[in-house]
Amino acid sequence: MKGSTRRRQMLRIAAACVLAVGVWGSGPASSQTQTEPVRIGALMSMTGALAEYGESILKGVQLAAEEINAGGGVLDGRRIEVVVGDDQTTPQPGVDAAQRLISVNRVSAIIGALASGVTIPVATSVTSVNKIPQISPASTAPAITTLKDDGFLFRTTPHDALQGVVLGDVAKEQGFSNVAVIYVNNDYGKGLAEAFAKRFEAIGGKVSASIAYEEKQASYRGEVQRAGRGKPDALMLIAYPGDGVPIVRQALEEGLFTKFVFSDGMKSTELITAIGAQHLEGMVGTAPEAVADSDAAVRFRKAFEAKHGALPPRPYIDTGYDAMYLLALAIENAKSTDGTAIRDALHAIANPPGEQVLPGEWKKARELLAAGNDVDYAGAAGSQNFDKSGDVPGTFGIWQIKGGKIETLRIVEPAA
């Protein structure tokens, strides 16, 4: 009798375990899955050459998530949870971090990476394979446009074929007729160096040398000396602060350059602190930047300053913010966290037609989508109208170092 009772108890326990497994594994339809947070990966450069940018861009991403959560979240009240992965500004760690975000943290989409040389392998070997949408807020290499990513890779910043035009014009405006180029040997550096040379030479300038450098070298004097042959008017430096600072320092120490033009990767207060403002007075550069007095940019700036104080003079904080808003809108529009559904919805919520939605207007956006209306998100960083390649148009700021600070001289919109 006791044995029979014991067997019946064991059978009931086994049946309960089978039922529990069935409920746990029932997928998106289960009540637990429908109430848990929607996880978005933030593949940021928290260490490595772009660490200075990673921290500030992440603040933009998190600000957008906080606003969305305060406005009711997505999919009937589910919160957005930002899960951070450090790509170390290096391809293989970036690929590994992206894979962990998907397989371990089970994110529905990824914002990042920052460096084009990390974004590209992540897109081709991780996100597109797993059908996870990826939006880079900072990768500008022209090669991304034609990448075979099955449409899962987007970016919220304009590409370097456009920035190269602006850089060429700026160098010519500075009165330089003969410029040497030193660039980081990756997709970003090569693409921008080529775009700059094409434009500068088309308007009468001469590129006396175009020299690639490998990252994290003990010294860059060899590259600097080669660039200085023939005494060009200035050095165009396409780099990140980690390598760019010693390149500028060694160029000054060698007495080969006193004039510089900088790409977006060198728009950094770290550069001024390390080199000294007196050596950089009047130096210019370019970086993607929104029209400062647009309604969208003003709303973003006020929200950021209310949360963090002054907006740092670094690029891509607003593009990170926009990437989060766009993903949340796509999820709400698709009524799903399925990667393919999000990918397809990104084109719908970012492009006309539709009622304009500005940064911070999450409740308005939700109401419009719930009523079956189209929305057109007006980005903090400018137009976020995705083309078929996931690229956006954009404006660029021409910036100058003046009195130890970085100031925007003007905003320009290059011809495509």
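In this predicted model, the lining of the second largest cavity is made up of 7 nonpolar, 8 polar and 2 charged residues. The volume of this cavity is about 90 Å³. Its lining comprises 17 residues, of which T156, P158, P288, T319 and A381 lie closest to the centre. Two or more lining residues are supplied to the second largest cavity by each of α13 and β13 (382-383).

The structure contains 2 cavities of 30 Å³ or more. The largest cavity encloses about 130 Å³ of space. A total of 14 residues line the largest cavity, and those closest to its centre are L50, A138, Y240, D264 and Y316. By residue class, the lining of the largest cavity consists of 10 nonpolar, 3 polar and 1 charged.

Among the pockets, the second largest has a volume of about 430 Å³. Its lining is formed by 22 residues, with K267, E289, R301, L311 and P312 closest to the centre. The elements that contribute two or more residues to the lining of this pocket are α12 (295-308), α13 (317-334) and β15 (405-412). Of the elements, α12 makes the greatest contribution to the lining of the second largest pocket, at 4 residues. The lining of this pocket divides into 14 nonpolar, 1 polar and 7 charged residues. Helix α13 thus appears in two of the linings described: it gives two or more residues to that of the second largest pocket and two or more to that of the second largest cavity.

Key:
Residues numbered from 1 in each chain as written. Predicted model: local features only at pLDDT ≥ 70, side-chain atom pairs only at ≥ 80, totals over all residues. Heavy atoms only, no water. 1 Å grid on protein atoms, 1.4 Å probe; cavity = no way out; pocket = protein on both sides within 12 Å on 5 of 7 lines; lining within 4 Å. Points joined across faces, edges and corners; volume = space filled by probe spheres on them. Nonpolar A, V, L, I, M, F, W, Y, C, P; charged D, E, K, R; others polar.
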